[in-house]
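I opened this model to look up its folds, its charged pairs, its packing and the contact between its chains. The entries below follow the order in which I looked.

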Amino acid sequence: MDLIVVKNLVKQFGDFTAVNGINFSVKQGESFGLLGPNGAGKSSTMRIIGATSQRTSGEVLILGKDPEQAGPQIRAHLGVVPQQDNLDEELTCAENLYIYGRYFGLPKITVKNKLDELLEFAQLLDKKNSKVKSLSGGMKRRLTIARALVSDPDILMLDEPTTGLDPQARHILWDRLFRLKEKGVTLLITTHHMDEAEQLCDRLMVMDKGEIMAEGSPTELIKKYSTKEVLEVRFGSDRNSQMVEQLQSFADRLEELPDRLLLYTESGEDLLAKIVAANIHPNTSLVRRSSLEDVFLRLTGRSLIE
Amino acid sequence: MLISAAVSIAERQANRMGAKHYAGRSHVILERSLVALKSSNWFPVVSGFLEPLLYLFSFGYGVGTLIGDIQVSNGQVVSYAMFIAPGLLATSAMNGAIYDSTWNVYFKLHEGKIYHGMLATSLGPLDVALGEILTALIRGFAYAVGFMAVATPMGLIPSWWGVLAIPAAVLIAFGFASIGMAITSYFKSYQQMGLINISLLPIFLFSGSFYPLSVFPDWAQIIIKTLPLWHAIELIRNLSLGIINFSLLGHIAYFLVMIVVGLFFTTRRLNALFMR
């Protein structure tokens, strides 16, 4: 069953087109990602689905309903984790969860009975009566996710869930989200971190400048738009571009970045051996598997994080 | 798929008129304010209550002994303290309402992003507007009750009609809170917010709390009579002195219009801000 159906969605702000005619759908229990750089139109799309923004044209159905016609009913199905934390800083952790449940109209006793479970999920049980102000960035994010779960949403929407967090906090958060995924919660995630998309998404859509560049599972996309491996070589910033011509013929494809050259191939080690045999000696070299970053580079000619 | 409680609650409201803007749950916004109040700083709350009492003591009894008695509109002669007490009660209802509906609202709107969170749930903008105004109104009510509790035993509220000064104070607080939140929702910077404080001071000083309007030339009286605090003071002063006539209805109507206009623009503005 498709929980979200989007057809020819367009969103304009004045004469700027943020979303330019995109189509996609999300199934129940699926973890769907919108991957793209800042300004790709991800957040605009999320806000339209979240029934807090009006589209310029196109069709959107969330659980069979139009968010513009049935905003409050649709929002009752959603758990929203916005890009910027908007926890209630005047309240404690427990009070934040409690009052959010009350916003949905849940009875006091129902919400109170849920608090410990949610706090435990967010690994914040020991912070139950602490003011939100005193929490770290990662804790705030986890509390925001717990808050979004208070209404037992059918769809959890996460806008850049780990942006700005340190690596350890990110891994804890991914672990929490993975548990939700296992429990069958439908996740809609935007991110500009390809590792996050690879970790969390069953299927994703690569967006750039308001349009969909590609869609599929992370492995499908890598298979389709990149090679199995990548050889990264550096010759120093002055020489990198001089080497492009010489190396072009060795690889299936070559991308030139300011600090390094990327050579796409099925076997990085073999390629490196061939280059060295041709008496070309890079300052450093690295063989790695292709990632979504490479997919994005191929599709747009730019890196995700600029 | 299992239907969650949140969804069935929202579905029950779905066919009501204006369901997109109002879920019928403004009381949860008030509940939030009460939860926040529990652990917040009580100093501003208490100072808002004390302020009119300080004015009452210093002007009513200090300046009052120099001034002597004052003749009011129906020819009645009252002590100066008795003259200014209703004016201070009206002002205190105004201040209580303005405190919550302007700076507090501004902070939640721009700094805390509290309304963003609220409006991502099944609440509508009118729930938020009404709930915040309700909070402000309760503060106005509490100040009015507190003031009456001090002023009545002092013999400053001579008429039994004075009991109605409390609901009148609630009406006044509602009007000021409603307009205060509407104006705040359009303001984008602290400088603009400062305008509210700057304009409240002359309104407080010239609306007839401390002396009858007849001291001013006609043109100035006409200007003052358009201001909300003048209507508030007249309403409460007439009630507490037992001067009952049709002009009271005019003052009440003034505040009813303020309430409706304020709610209309607040809801419209919140919609524009959060449903772009």
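These are my notebook entries on what I looked up.

**Ground rules**

I am working from a predicted model, in which local features need pLDDT of at least 70 and side-chain atom pairs count only at pLDDT 80 or more, while totals for chains, interfaces and linings use all residues. Residues are numbered from 1 along each chain as its sequence is written, chains are lettered from A and ligands numbered from 1 in the order in which they are written, and side-chain values use heavy atoms, with hydrogens and water left out.

**Chain A overall**

I began with chain A, whose secondary structure comes to eleven helices and 13 strands; helices (H or I, at least four residues) and strands (E, at least two) are DSSP runs numbered from the N terminus. Its C-alpha atoms fill a box of roughly 75 × 45 × 35 Å along the principal axes. Of its 306 residues, 58% are buried, where buried means under 20% relative accessible area, exposed means over 50%, and partly exposed lies in between (1.4 Å probe, protein chains only).

I then looked up the division of chain A and found domain 1 (2-216) and domain 2 (227-289), with bounds that come from an automatic or database domain assignment. The C-alpha centres of these two domains lie 40 Å apart. Among contacts in chain A (heavy atoms within 4.5 Å) between residues at least 6 apart in sequence, 68% join residues at least 24 apart.

**Helix α1 of chain A**

Is α1(A) enclosed or open? Six of its eight residues are buried, so I note α1(A) as largely enclosed by the rest of the structure. The buried residues are A:Lys42, A:Ser44, A:Thr45, A:Met46, A:Ile48 and A:Ile49. After this helix comes A:Ala51, which has a positive phi, near 60°.

**Salt bridges**

I count a salt bridge where a side-chain nitrogen of Lys or Arg is within 4 Å of a carboxyl oxygen of Asp or Glu, and the structure holds 27 of them over all chains.

The pair I checked at the start was A:Asp66 with A:Arg55, whose closest N and O atoms are 2.8 Å apart. A:Asp66 lies in the loop between β4 (57-62) and α2 (71-75), and A:Arg55 in the loop between α1 (42-49) and β4, so this pair ties together parts of chain A that are eleven residues apart in sequence. A:Arg55 is buried, at a relative accessible area of 16%.

I next looked at A:Arg203 and A:Glu215, which form a salt bridge with their closest N and O atoms 2.5 Å apart. Because A:Arg203 is in strand β8 (residues 203-208) and A:Glu215 in strand β9 (residues 211-216) of chain A, the pair ties together parts that are twelve residues apart in sequence. A:Arg203 counts as buried at 17% relative accessibility, whereas A:Glu215 is partly exposed at 38%.

In chain B, I found B:Asp100 and B:Arg139 meeting in a salt bridge of 2.8 Å, N to O. B:Asp100 belongs to helix α4 (residues 80-101) and B:Arg139 to helix α7 (residues 125-151), so the pair ties together parts of chain B that are 39 residues apart in sequence. Both B:Asp100 and B:Arg139 are buried.

I also noted a network of salt bridges that links A:Glu232, A:Arg234, A:Asp259, A:Arg260, A:Arg288 and A:Asp294.

**Cysteines**

How many disulfides does the structure hold? I found zero over all chains, taking a disulfide as a pair of cysteine sulfur atoms within 2.5 Å. A:Cys93 is buried at a relative accessible area of 0%, and A:Cys201 is buried at 6%.

**Nonpolar cores**

For a nonpolar core I took a set of buried Ala, Val, Leu, Ile, Met, Phe, Trp, Tyr and Cys residues joined through side-chain atoms within 4.5 Å. The largest has 130 residues, of which A:Leu143, A:Ile145, A:Leu156 and B:Phe176 touch the most other members. The element that gives the most to this core is α4(B), with 13 residues. Leaving out residues up to four places away in sequence, B:Phe176 touches residues including B:Met94, B:Ala97, B:Phe255 and B:Met258. Another core, of 26 residues, lies apart from the largest and has A:Val6, A:Val26, A:Ile49 and A:Val60 among its members.

**Contact between the chains**

Last, I looked up the contact, which takes 40 residues from chain A and 38 residues from chain B. The two chains bury about 3,300 Å² between them, 56% of it on carbon and sulfur atoms; buried area is the accessible area (1.4 Å probe) that two parts lose on being put together, summed over both. I count five salt bridges between chain A and chain B. B:Glu31 also forms a salt bridge with A:Arg102, with the closest N and O atoms 2.7 Å apart.
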